[in-house]
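Me: I would like a close look at a single part of this structure, explained slowly enough for someone in the first year of study.

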Amino acid sequence: MKYITGIESYSGQKKTAVTLGKFDGLHRGHQKLVKKIRSYASNECESIVCAFDMHRDSLMTNRERREHLENQVDWLIDQPFTKELREMEAETFVGDVLHKTLRAAHIVVGTDFTFGYAKRGNAQMLLEYAEQYGYTVDVIEKERYMGTVISSTYIKDALTQGDVKLAERLLGYPYEITGTVQHGKQLGRTLGFPTMNIEPEENKILPRFGVYACRVKIDGKWYGAIGNAGIKPTVTDERRRLLEVYVYDYEGDAYGKEITAQFCDFERPEIKFGSLEELRENVMGDMRYGERFFNELNEHSI
């Protein structure tokens, strides 16, 4: 897959099958669009995902989106939502961007896709210009879960409630955070349970502050873990968002390593305890909860 920033950097010479949108989270609805452009891909036609970066709190970083789409499409274009793009007339976008620059032979969008100045462009406009510019248009119906349209907003609401199981069903994969293990105060080690701290990127959403069963990948291997997402109010007033994980059966030194944590199940909200001893007792309970969770998981998978 070729990865570029900005449509102006596109240099492909073949006809293309293009899908456009925010693609925040690449949820099951987005995956329908990707599947459709892949169906058009051939030696003569390349597939393109054009993702508009809105710079808001997001479910997925640009890097994560790139990793999820690797080996699925021919091109991923991360398109900053610039002033020029916001003010471009919709007709100009169709003629200059989709037709001339991207060489679109097939355009695939959702039913609510809009583009151009004042969002004047939509699926109907794409259809109106299809014959003039020689492309086809597929308008894909929304994917639903239990009768509700799957959207980034729906997933964010689930994460706000700590319902990471629902978020996983909507996304089609576990919600996760990747970061580099940082040096902390080593309080966990002092209390008898050494932990790893990672900080999400600034715009990456952290689920409801609390304790979760997690799966953690270190050096390519997955481990069971418990994690606290939040600001650790018992031990600091910094209000710095962190995910602190205790990883079962890992004995190495992970400082400086990049790890990925997937959220599997919510146990309890984050609490400010009255003392370190009270904190320690509750964390020991969290660790037992995590052990039960993964033991039951393993029993069901046998």
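Which residue in β16 does Thr-180 stand opposite?

Reply: In this predicted model, Thr-180 stands opposite Glu-258, a residue of β16. To see where that pair belongs, it helps to begin with the two strands concerned: β11 and β16, the latter made of residues 258–269, pair in the antiparallel sense, and five bridges join them.

These two strands are part of a wider arrangement, an open sheet of six strands in which the pairing is antiparallel and the order reads β11-β16-β13-β14-β15-β12. The edges of the sheet are formed by β11, which covers residues 176–180, and by β12, which covers 196–198, and each of these edge strands pairs on one side only. Going from one strand to the next, the twist averages 35°. Reading the order again, β16 sits between β11 and β13, and there is also a helix to consider here, since α7, made of residues 164–171, lies across β16 and β13, the latter spanning 210–218. The direction of α7 can be described as well, for the helix runs at about 130° to β16.

Taken together, the view around Thr-180 can be built up in steps: Thr-180 faces Glu-258 in β16, the strand β11 is joined to β16 through five bridges, β11 is an edge strand of the sheet, and α7 lies across β16 together with β13.

Conventions. Residues are numbered from 1 along each chain as its sequence is written. This is a predicted model: local features need pLDDT of at least 70, side-chain atom pairs count only at pLDDT 80 or more; totals for chains, interfaces and linings use all residues. Side-chain values use heavy atoms; hydrogens and water are left out. Two strands pair if DSSP finds at least two bridges between them. Helices (H or I, at least four residues) and strands (E, at least two) are DSSP runs, numbered from the N terminus. Axes are lines fitted to C-alpha atoms, for helices over the stretch in contact, and angles run from 0 to 180 degrees between N-to-C directions. Contact means heavy atoms within 4.5 Å.
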